[in-house]
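Here's a quick tour of a model, meant to be read with the viewer open. Load it up and follow along.

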Amino acid sequence: MSEDLQTHLFNSARRWAETALDAYSDSDDADFAVHHMAVAVEHLSKSYLASFDDVLLAPDKPSVDDLLILAGHEDRAQKGRAGLRTIGGQEAQTRAEKLLKKKLRHPESVKLLRDSRNGLTHLGWRDPANTCRDLLAAGVMFLDDLLEELPQSAESFWGHHHELSKQLVEASVSELHIRYTARVRQAKERYERRLPHLPQSERTKAFESLASLPMTGLTMPIPCPACGNLGSVRGREWLGEYHEEWFLPRLFICRVCELEIPRDELELAGITRQRMRDEEEDPDWEPDFS
């Protein structure tokens, strides 16, 4: 076995899975999420096969060069690694299933994931966005089954996406909550990477300057749920039944970590409507229903 190829495929699968879950946080990128997860499934299947022997990646009718490279004799091959042909995703999954000690969960759903990827890649066909979670969950379960048999740990594969990967397969966690969690996590990572070369005092001043930039429209200042700096909620005014004035939030924006929370996720962040003027109420006042 060539450990280098097995590790290379493991790391590649990890990168594709990471980009799949990142894309999932935006419903407009659902097709990217599905495509990238299918690539991750193929690469981890091949990594699992290579953990036994690289030759298991050879196609049904390999060339001499294919066998030489997979056997660790790339220097003897005429075309080198660039000309290497290996099995496709379907065959990689089939061979991996034969070697696993248990049956895979929902193999038919993994087939749908692979078919969706092929439709996207070759014809640009997109599945409805509401099927994205089911396809990703199938991919996550397949990957988790393989990870149990690989020398690397599931934690090293999923990294900071570990919690999100578990939420995808839990029916009790809403689609909205998963997207919100992913959105906030990505913003935290951006915040941690911003201006690392500056001393903390200078970094704080820069962030305060960003947070103070004006925004158009009716806004209210709100602490950012990702980085803690001051963000802004854009909304509109609403007059209540008894002429009380309310602020109805529509979009949260943080200029520091670039977090944007759309209207349907604002309540998850604790951002709800607010009274625009806190007037002292008369304890003896009652509405007139006459």
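## What lines the largest cavity

The lining of the largest cavity splits into four nonpolar, two polar and three charged residues. Going through them by name, they are Ala38, Val41, Glu42, Gly89, Gln93, Val110, Leu113, Arg114 and Arg117. Keep in mind that this is a predicted model. The cavity has a volume of about 80 Å³, and the structure holds three cavities of 30 Å³ or more.

Which helices supply at least two residues each of that lining? They are α2 (30-50), α4 and α5 (107-123). The biggest share comes from α5, which gives four residues.

## The two sides of α4

Helix α4 spans residues 89-99, and its buried residues are Gly89, Ala92, Gln93, Arg95 and Ala96. These residues sit on the same side of α4, because the arc they cover around the axis is only 165°. The general rule behind such patterns is that an α-helix has 3.6 residues a turn, so residues three or four places apart point the same way.

Two of the buried residues of α4, Gly89 and Gln93, also turn up in the lining of the largest cavity. Flip to the face turned away from the buried side and you'll find Gln90 and Lys98, which are exposed.

## From β1 to β3

Now for the strands. β1 (residues 219-223) pairs with β2 (residues 230-239) in the antiparallel sense, over five bridges. If you want to check the register, methionine 220 stands opposite valine 233, and proline 221 faces serine 232. The hairpin that β1 and β2 make has six residues between the strands, and glycine 228 there takes a positive phi near 85°.

On to the next pairing: β2 and β3 (residues 245-253) run antiparallel and are joined by eight bridges. Here glutamate 237 of β2 stands opposite phenylalanine 247 in β3.

## What else β3 pairs with

β3 has further antiparallel partners. Two bridges join β3 to β4 (residues 260-261), with isoleucine 261 in β4 as the bridge partner of phenylalanine 252. The hairpin of β3 and β4 also has six residues between the strands, and the turn includes glutamate 258, whose phi is positive at about 65°.

Two bridges also join β3 to β5 (residues 274-275), again in the antiparallel sense. Phenylalanine 247 is worth a second look in the viewer: besides standing opposite glutamate 237, phenylalanine 247 stands opposite glutamine 274 in β5.

## Leucine 213, in the loop before β1

Where is leucine 213? Look in the loop between α10 (200-211) and β1. Is leucine 213 buried, partly exposed or exposed? With a relative accessible area of 42%, leucine 213 counts as partly exposed, because that value lies between the 20% limit for buried and the 50% limit for exposed.

Leucine 213 and arginine 255 are 42 residues apart in sequence, yet in space the C-alpha to C-alpha distance is 8.0 Å.

## The whole chain

Zooming out, the protein chain comes to 10 helices and five strands. It has 290 residues, of which 41% count as buried.

As for contacts, take those between residues at least 6 apart in sequence: 63% of them join residues at least 24 apart.

Conventions
Residues are numbered from 1 along each chain as its sequence is written. This is a predicted model: local features need pLDDT of at least 70, side-chain atom pairs count only at pLDDT 80 or more; totals for chains, interfaces and linings use all residues. Side-chain values use heavy atoms; hydrogens and water are left out. Two strands pair if DSSP finds at least two bridges between them. Buried means under 20% relative accessible area, exposed over 50%, partly exposed in between (1.4 Å probe, protein chains only). The arc is that of the directions from the helix axis to the C-beta atoms. On a 1 Å grid over the protein atoms alone, a cavity is a set of points where a 1.4 Å probe fits but cannot get out, and a pocket is an open set with protein on both sides within 12 Å along at least five of seven lines; lining residues have an atom within 4 Å of a point. Grid points are joined across faces, edges and corners, and a volume is the space filled by probe spheres set on the points. Ala, Val, Leu, Ile, Met, Phe, Trp, Tyr, Cys and Pro count as nonpolar, Asp, Glu, Lys and Arg as charged, and the others, Gly among them, as polar. Contact means heavy atoms within 4.5 Å.
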